[in-house]
Amino acid sequence: MLKSFLKSLRLHGRDSVLLSPLAGKVIPLSDVKDPTFASGSLGDGVAIEPTGSKVVAPSDSKIQAIFPTGHAVALHTNEGLDVLIHVGLNTEKLDGRHFTVHAAVGDTVKKGDVLIEFDRDAICKEGYDITAPILICNSVEFSSIKGNVGDTVSELEQLITARER
């Protein structure tokens, strides 16, 4: 009853902010040259054209999955966001070349901890698109997901705001 009363007053939606795990230019997810990411079928979010060479924990989180190839990590933040960070497109085909992993499944990490380092230039020289989709995989739990599209962000600057239903 209280929840419905608060909902009627529009006091129910709290914002969760996701900080950027990478430095770079923020682009719309729909501009990613991979239909799986661009369609939003894995979750809503944005993509970053990285200018740096590392992925940091955007929040105090628990590592849910980290690919042995080092190209992607999934984490659950203390704010309740299920986040997938995928460095590059089709970079799993590199079999770990140019990636160094600094975390493992089950690890509890602090905001700013380095999760993955990558050699951006070497990845590009091998012909891969380095664009990094950042997805909120549980986006259906939120009434809106808004990213700072068009901004250039540094690590740990505000990237996405998710409003609870």
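Q: Is Cys137 buried, partly exposed or exposed in this predicted model?
A: The model is predicted, and the relative accessibility of Cys137 in it is 37%. Buried would require under 20% and exposed over 50%. Because 37% lies in between, Cys137 counts as partly exposed.

Q: What is the relative accessible area of Cys124, and how does it class this residue?
A: The same cut-offs apply to Cys124: under 20% is buried and over 50% is exposed. Cys124 has a relative accessible area of 39%. It falls between the two limits, so Cys124 is partly exposed.

Q: How many disulfides does a search of the whole structure find?
A: A disulfide is a covalent bond between the sulfur atoms of two cysteines. To count here, the two sulfur atoms must lie within 2.5 Å. Across the whole structure, the number found is zero.

Q: Is Thr131 buried or exposed?
A: Thr131 sits in the loop between helix 3 (120-125) and strand 11 (132-136). Its contacts beyond four places away in sequence include Ile27, Val32, His86 and Leu89. Its relative accessibility is 8%, and because the limit for buried is under 20%, Thr131 counts as buried.

Q: With which side chain does the side chain of Thr131 make a polar contact?
A: A polar contact needs N or O atoms within 3.5 Å. The side chain of Thr131 meets this with a partner at 2.6 Å. That partner is the side chain of Asp129.

Q: In what order do the three strands of the open sheet lie?
A: Strands of a sheet pair through backbone hydrogen bonds, either parallel or antiparallel. In this open sheet the pairing is antiparallel. Strand 4 (54-56) and strand 8 (99-101) are the edge strands, each pairing on one side only. The twist from one strand to the next averages 15 degrees, and the order is 4-10-8.

Q: Which residue is the bridge partner of Val56 in strand 10?
A: Strand 4 pairs with strand 10 (residues 114-118) in the antiparallel sense, over three bridges. In strand 10, the partner of Val56 is Val114.

Q: Which residue in strand 10 does Thr100 stand opposite?
A: Strand 8 and strand 10 run antiparallel and are joined by three bridges. In strand 10, the residue opposite Thr100 is Glu117.

Q: Over which residues is the pLDDT below 50?
A: The protein chain averages a pLDDT of 93, and 92% of the residues score at least 70. One stretch scores below 50 and has three contacts beyond near neighbours in sequence. Where pLDDT is low, the predicted coordinates should not be read in detail. The stretch is residues 2-10.

Terms used. Residues are numbered from 1 along each chain as its sequence is written. This is a predicted model: local features need pLDDT of at least 70, side-chain atom pairs count only at pLDDT 80 or more; totals for chains, interfaces and linings use all residues. Side-chain values use heavy atoms; hydrogens and water are left out. pLDDT is the predictor's confidence in each residue, from 0 to 100. Contact means heavy atoms within 4.5 Å. Helices (H or I, at least four residues) and strands (E, at least two) are DSSP runs, numbered from the N terminus. Buried means under 20% relative accessible area, exposed over 50%, partly exposed in between (1.4 Å probe, protein chains only). A polar contact is a pair of N or O atoms within 3.5 Å; within protein, one must be able to donate a hydrogen and the other to accept it, and residues adjacent in sequence count only if both atoms are side-chain atoms. Two strands pair if DSSP finds at least two bridges between them. Axes are lines fitted to C-alpha atoms, for helices over the stretch in contact, and angles run from 0 to 180 degrees between N-to-C directions.
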